[in-house]
Amino acid sequence: MSKFVERPRYVCSLGGAVGTIKVLPRTVPILHAATGCGGNVATALNQAAGYMGSGYCAGQALPSTNTSEREIVFGGEERLSEQIANTIKLVDGDLYFVITGCMVDMIGDNIHNSIKQFNGGKARVIGAETGGFRGNYYKGYEIVLKTLFQDFVEKNPAKDKGLVNLWGVVPIQDVFWKGNLTLIKDLLVKLGYRVNTFFGEGETLEDLQNSAAAALNIVVSDTFGVEAAQVFEEVHSVPYITVPFPIGDHGSQRFLRAIGNALGIEKAFVEKVIKEEQARYYSYFERIADVYSDLDLQRYAVVVGDSNYTQALARFLADDLGWLPGLAVVTDFLDDEQKDTVRGQFNGYESGIEAEVVFDTDASNVGKYIARHWGQSRGQRYFEGFNPGFILGSAIDRDIAEKLGVPQLTVTYPISNRVVLDRGYAGYSGALRLTEDILSVLVGNR
Amino acid sequence: MDYIKEKTPPIREERLGACMAFGGSCCDISNQSKKGCLFNNNRTFSQSQGCQLTLSLAILNTIRDSVIIVHSPIGCGANLVAQAGVSKGYQKLRDPNAFGLRWINTNLDEVDVINGGEEKLRSAILYADREYRPSAIIVMNSCVPALIGDDIDTLIEELQQQVAARIVPVHCEGFKTRIQATAYDAVYHGILRTLVGIEEEEADPVIIDELEELKKRYRISRTVNVLNVSSMSRSDEQGLVKLLQSLDLNVRILPCYAHPDDFEDSFEAALNVSICATHDDYFVEHMKSKYGVPFILRTIPIGIANTNKWLLDIARFFGMEEQAQKLIDSEVRELNQALAPYRQFLQGKTAFLGGGEIRIITTAELLHSLGMEVLGLRGFHFDRYGEGLLEELMAEIPESEKAIINIGTGQPFEQANLLSRYKPDVFVGHPGGNGWANKQGIPVFPLFGQAYDYMGYVGVYEVARRLTRTLKNTSYSQNLVKHVRLPYRQDWYAEDPFAYIKQDLAL
Ligand code: SF4
């Protein structure tokens with residue numbers, strides 16, 4: 001049984017669906033939900049996501065039936081049909097995606113009755129039930145992907161050996177998703193592939209529609225988008241692999257080798273790509289040698305966030321930057337099997353560092369784990385402790401950083417204290433951005 | 001008014017007959033409203049808005065030393081994730097030791113939807129009390145538990161015996177009303193039932209110190225509660241306090257950023273002064289019927305005319321009109337001198353406004369007094385309080401009768417159509433929907449902001465000064481309009497902006 005969550009770092013599945021659809025090109029979400037649900041998630045998908053903005057047709061512009069008591073009692077299907085028809089009339093899009101809130105799901109409105117009426121029309125209308133009690137943001141992402149793969153991606157038995165699809169970097173919930181997708185795509189392009197990321201720069205709905213031609217689906221996560229990959233495989237016979245989200249040299253090496261393996265790329269070629277990336281990476285990374293050693297910038301660290309980021313950050317800190325990330329707090333809703341998989345991603349560090357991995361959704365507990373891991377000062381003269389420490393987490397974790405007097409960088413959701421545009425932390429170049437951001441905090445007062 | 005014995009407050013559609021969808025001239029809406037034939041119309045196309053739960057948080061996330069429990073699936077109250085830093089900063093302005101925002105979501109899932117969510121709420125309340133030892137635990141009820149029949153009031157009654165914090169239930173289920181402002185009633189309802197006057201029955205001391213008693217009575221006779229709104233700045237608040245102090249009044253500020261204990265003896269006041277009827281009518285009416293505290297609810301101190309009215313109304317109550325008039329004369333004289341260069345710059349510039357009825361009507365007056373022309377207004381909803389203020393505006397500025405008025409919460413598609421038609425020099429809008437105007441190439445001045453002054457005499461100067469700054473360089477919006485487009489099809493801009501408003505009942 002699930003429990004309450006203290007200061008949750010995600011909205012509900014409805015919010016996840018809105019967030020995912022909002023950044024899909026030329027796609028218009030239509031909400032069939034109680035009056036407030038759209039507005040309720042709007043700020044969370046904007047100001048808590050590095051000021052991502054309202055998007056093309058979300059925020060206050062998000063079409064919504066604004067269902068109230070009358071429809072709850074008498075049913076809201078008619079109102080939904082009217083709303084879909086008028087949305088198509090008013091809003092310029094190529095795909096209209098109906099999603100639902102809790103109340104509508106609970107009273108048993110069947111959105112597919114309404115959607116059916118638009119079959120064969122000029123506009124494509126699809127839909128899914130996404131009521132918030134189904135889960136958190138990631139669940140909404142999963143449902144939207146599944147629906148797209150099932151109802152929008154066109155069947156195509158012919159496969160294109162040079163084409164792969166990639167997802168698992170969750171838009172908006174990963175505030176740097178767009179930069180990250182670009183960076184990861186660049187790596188795969190270097191391996192000689194064309195890549196659909198659906199949500200990244202320059203992607204089109206057409207690419208998504210034709211994505212069944214891909215030779216492989218790459219899910220850059222062991223937790224997010226995996227169910228959708230299974231659906232894709234069932235419907236379109238495209239196999240998939242899951243690989244951990246990579247940040248930095250060590251993470252990216254593993255990533256590139258895993259992809260090379262799965263695609264049967266010649267090993268020597270993969271190694272050549274890695275060498276080239278490393279050459280550029282270390283030509284910048286070496287610049288901080290002076291400041292790193294002069295000021296002793298090695299730190300103990302805690303990483304707090306989702307299962308994609310925590311493992312990638314910890315590996316980067318331990319193996320690239322040479323820090324001591326002793327504790328990782330993973331804040332996702334995960335079942336036991338998923339927890340085992342996630343735990344496994346914190347193994348095999350080149351540096352030999354081992355991080356304690358805990359699964360906890362409650363923000364207040366982060367401080368308790370830090371105290372448990374590093375001990376609590378009782379004013380004794382000789383004391384090891386979390387010092388010098390650094391916290392990589394969300395805006396919520398500023399409270400504990402402030403309390404402990406340690407510096408902090410906000411990299412996981414919610415991010416309300418930074419503006420994020422095309423920045424990404426993935427791969428080699430992303431890790432340079434991250435290095436800049438982390439060390440800038442440390443030299444920020446100079 | 002007496003709804004306090006009920007567990008839940010009535011909705012504003014019923015209590016105030018508020019209107020949610022309208023398009024026409026100021027003169028039209030005024031006539032229809034006066035005749036009582038302004039109905040709660042609907043739209044055949046609508047865009048998302050908040051619910052009373054989301055707006056309740058506007059007050060609740062300011063209350064110090066409390067924990068908010070949102071009893072709902074994981075998404076309701078989601079905007080809190082963006083508010084934590086902001087709320088903490090502003091709480092600290094009132095109390096440097098304030099903790100900031102602490103909240104819990106009960107995370108109702110598919111199992112709870114069938115089996116009920118009371119146990120999760122119970123564990124959340126007990127956890128909040130144990131973990132934080134707060135003064136108040138605020139429980140916000142949402143749609144799902146209302147539909148599955150959770151009895152949060154009985155549970156709270158039971159738990160109140162076990163926990164140290166006051167538990168404040170707030171019934172703000174979103175689906176019940178489309179008028180978000182019902183939120184304020186929901187919040188005040190909870191506060192009135194659980195925080196106001198709770199320690200009343202303390203035994204009287206055996207010997208009553210008559211002198212002390214007299215002093216206390218005198219103090220109360222000079223105490224006013226000023227009811228603030230979370231959309232105003234701390235310095236706005238301080239500015240108003242200063243004005244009232246110059247009339248020798250003690251000022252108590254409620255409800256935003258207050259400590260839960262501050263409500264306890266809030267009935268020990270000579271007068272309740274609202275600065276926004278949309279916000280406070282439910283509270284002041286109940287304070288009057290339950291504790292006999294009279295109130296002033298007429299207007300918000302925005303612009304010279306309305307600040308004067310606001311101050312004079314209060315002064316009149318205390319028989320200090322003359323003193324107030326003197327104060328006003330000297331304040332206005334000094335202000336007018338300071339405004340001269342800005343008036344020159346702003347003269348003839350056009351504006352369109354959007355936001356809550358009270359703010360937009362009074363801000364329209366302010367802009368007019370700076371020499372600007374108001375082309376139109378968009379109000380979230382419209383009720384008798386808007387009617388009164390609009391009446392005064394049209395009496396003072398006859399040409400405002402012709403101005404267009406559109407009622408709707410959000411609904412930026414109507415805004416886009418209106419702005420492309422009227423092409424104002426500036427859009428003065430409620431935060432949340434302003435980016436759309438910017439993308440149309442129209443510079444934006446936010447209707448309010450927690451970091452800026454808008455109220456009283458200083459507020460007039462500050463608005464004039466900042467508005468002038470806004471208009472000195474409009475390159476940002478000029479760039480946007482060249483490279484970004486809004487989602488609406490081109491033919492929408494040629495259509496009647498109110499084409500999707502459906503008259504609910506035949507007139
Ligand atoms: S309308 Fe209901 S379900 Fe939606 S956010 Fe508001 S309280 Fe939650």
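Trainee: How many residue pairs are in polar contact across the interface of domain 2 of chain B and domain 3 of chain B?

Mentor: The general idea first: a polar contact is a pair of N or O atoms within 3.5 Å, where within protein one atom must be able to donate a hydrogen and the other to accept it, and residues adjacent in sequence count only if both atoms are side-chain atoms. Between domain 2 of chain B and domain 3 of chain B, the rule finds 18 such residue pairs, with both partners at pLDDT 80 or more. Keep in mind that this is a predicted model, where local features need pLDDT of at least 70 and side-chain atom pairs count only at pLDDT 80 or more, while totals for chains, interfaces and linings use all residues. As for conventions, residues are numbered from 1 along each chain as its sequence is written, chains are lettered from A and ligands numbered from 1 in the order in which they are written, and side-chain values use heavy atoms, with hydrogens and water left out.

Trainee: Which elements give two or more residues to the side of domain 2 of chain B that touches domain 3 of chain B?

Mentor: Elements here are DSSP runs numbered from the N terminus: helices (H or I, at least four residues) and strands (E, at least two). On that side of domain 2 of chain B, they are α11 (234-245), α12 (277-291) and α13 (304-317) of chain B. The largest share, nine residues, belongs to α13(B). To sort the side by class, count Ala, Val, Leu, Ile, Met, Phe, Trp, Tyr, Cys and Pro as nonpolar, Asp, Glu, Lys and Arg as charged, and the others, Gly among them, as polar. That gives 19 nonpolar, eleven polar and six charged residues on the side of domain 2 of chain B that touches domain 3 of chain B.

Trainee: How many salt bridges are there between domain 2 of chain B and domain 3 of chain B?

Mentor: A salt bridge needs a side-chain nitrogen of Lys or Arg within 4 Å of a carboxyl oxygen of Asp or Glu. The count between these two domains of chain B is three. You can also look at Lys309(B) and Glu392(B), which form a salt bridge with their closest N and O atoms 2.5 Å apart.

Trainee: Where do the domains of chain B begin and end?

Mentor: Bounds like these come from an automatic or database domain assignment. Chain B has domain 1 (12-18 + 49-201), domain 2 (210-320) and domain 3 (323-503). Contact (heavy atoms within 4.5 Å) takes 36 residues from domain 2 of chain B and 34 residues from domain 3 of chain B. Buried area is the accessible area (1.4 Å probe) that two parts lose on being put together, summed over both. For this pair in chain B it is about 2800 Å², 59% of it on carbon and sulfur atoms.

Trainee: What does the matching interface in chain A look like?

Mentor: In chain A, the assignment gives domain 1 (13-151), domain 2 (160-263) and domain 3 (295-415). The contact takes 21 residues from domain 2 of chain A and 23 residues from domain 3 of chain A. Together they bury about 1700 Å², with carbon and sulfur atoms giving 58%. On the side of domain 2 of chain A, Thr223(A), Ile247(A) and His250(A) lose the most area to domain 3 of chain A, together 32% of what that side buries. The rule finds zero salt bridges across this interface of chain A, but ten residue pairs in polar contact. Helix α11 (residues 248-263) of chain A gives the largest share of the domain 2 side, five residues.

Trainee: Is Ala312(A) buried or exposed?

Mentor: Buried means under 20% relative accessible area, exposed over 50%, and partly exposed in between (1.4 Å probe, protein chains only). Ala312(A) counts as buried because its relative accessibility is 1%. This residue lies in helix α14 (residues 307-320) of chain A. Leaving aside neighbours within four places in sequence, Ala312(A) is in contact with Phe245(A) and Ile247(A).

Trainee: How many residues does the contact take from chain A and from chain B?

Mentor: It takes 75 residues from chain A and 65 residues from chain B. The two chains bury about 5500 Å² between them, 55% of it on carbon and sulfur atoms. In chain A, Phe4(A), Gln60(A) and Leu90(A) lose the most area to chain B, together 16% of what that side buries. There are six salt bridges between the chains, and Lys88(B) and Glu402(A) meet in a salt bridge at 3.3 Å, N to O.
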